[in-house]
Amino acid sequence: MSAFPFLLTLSGLLGLTCFGIGILPLSFTFSGSHMSKLSSLGTGLLLGAALGVIIPEGIEALARSRPSTPLEGTSIALPLLVGFTFMLIIEQLSSSHAHHHHRTHRLGHHAGVASRDSVFDVELAGLEDEDEAPTRHGRSNSIRTSVENDLPPPAYPITIGLVVHGLADGLALGMSVLSDDEESSSYTLSLVVFLALAVHKAPTALAYTVSLMSTSLSRMDCRKHLLLFSASTPVGAIASYASFSFFGAKQVDGVGTALLVSAGSFLYVATVLQPVSHDRSSSDAVGTKTRILLLVLGMFTPMAMGSLLKHGHEPTAGAVTL
């Protein structure tokens, strides 16, 4: 299969999976412990994909594009910082908008629905404490009764932040397919990135839908928001692949830089939005030892997949100067 049809296939599967999983809370209730386990595994996969696969691939691509000159450390560090900083700015802007929105309308405790963490990468708190869920939803419903006719739904800041996040994830998927197309037809890097994104987005989609249900949106509007979120990563992947190809940036230098930028965004999501340590709610739900095991398992899975699929790594032509 050629590169673009393969990208369309992965993008379609990712979008359908995200929407299919995200729509489940409209009909079913999920165990908080199971969601925490899946979230921990997804965090480990993001870290493993960034540190063990995407960054090495990006460095090798940059080195191949400069066979006669040493590869400077800034060529590696700058794209990583750009990706990390981009996600930081988006998360902070989304959070600031949400806080301003809720302060203006004095929603009190209801502002917690779109707090700093939930605006951009939705927390699983709503799924992790089943005993408190009815009380929480009861408070939300009582507040909504008095304000929903006068206020715009507070779900839009959450959706905007997650859509931008999804577009950035799409960059990683699109560039991984482009990188594999430059080297071979095995598409191992693409499959590793696809797995990391799929596992990462499953708990995010579930928690996102729960958050939408706590707002003034109807169930039909919740589905529309979820559809927009689910389509963001496929759109980002296709757009990044098409733009890099159309503007002549399909050379390994551009691909390597884009891979490092996407790795920086992965690192921000895994270490800041879904912190590896001091995640009290996840530790309480699944236990510290279990969470550590899932994180480590997720971190080493991408490298293991690459080895099992016999992804051929060509020796780099240039020396890396750090």
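**Exercise 1.** Determine how far helix H8 is enclosed by the rest of the structure.

*Solution.* Of the 26 residues of H8, 23 are buried, so the helix is largely enclosed by the rest of the structure. Buried means under 20% relative accessible area, exposed over 50%, and partly exposed in between (1.4 Å probe, protein chains only). Helices (H or I, at least four residues) and strands (E, at least two) are DSSP runs, numbered from the N terminus.

The model is predicted: local features need pLDDT of at least 70, side-chain atom pairs count only at pLDDT 80 or more, and totals for chains, interfaces and linings use all residues. Residues are numbered from 1 along each chain as its sequence is written, and side-chain values use heavy atoms, with hydrogens and water left out.

**Exercise 2.** Compare the span of H8 with the expected one, then locate its bend.

*Solution.* Step 1: H8 covers residues 188–213 and reaches 38 Å from first to last C-alpha, close to the 38 Å expected at 1.5 Å a residue. The expected span is 1.5 Å times one less than the number of residues. Step 2: at Lys201 the helix bends by about 30 degrees, and Pro203 follows within four residues. The bend is the angle between axes fitted to the seven residues ending at a residue and the seven starting there.

**Exercise 3.** Place Val296 in the fold and state its exposure.

*Solution.* Step 1: Val296 lies in helix H12, residues 288–308. Step 2: its relative accessible area is 38%, which makes Val296 partly exposed.

**Exercise 4.** Describe the whole protein.

*Solution.* Step 1: there are twelve helices and two strands. Step 2: 49% of the 322 residues are buried.
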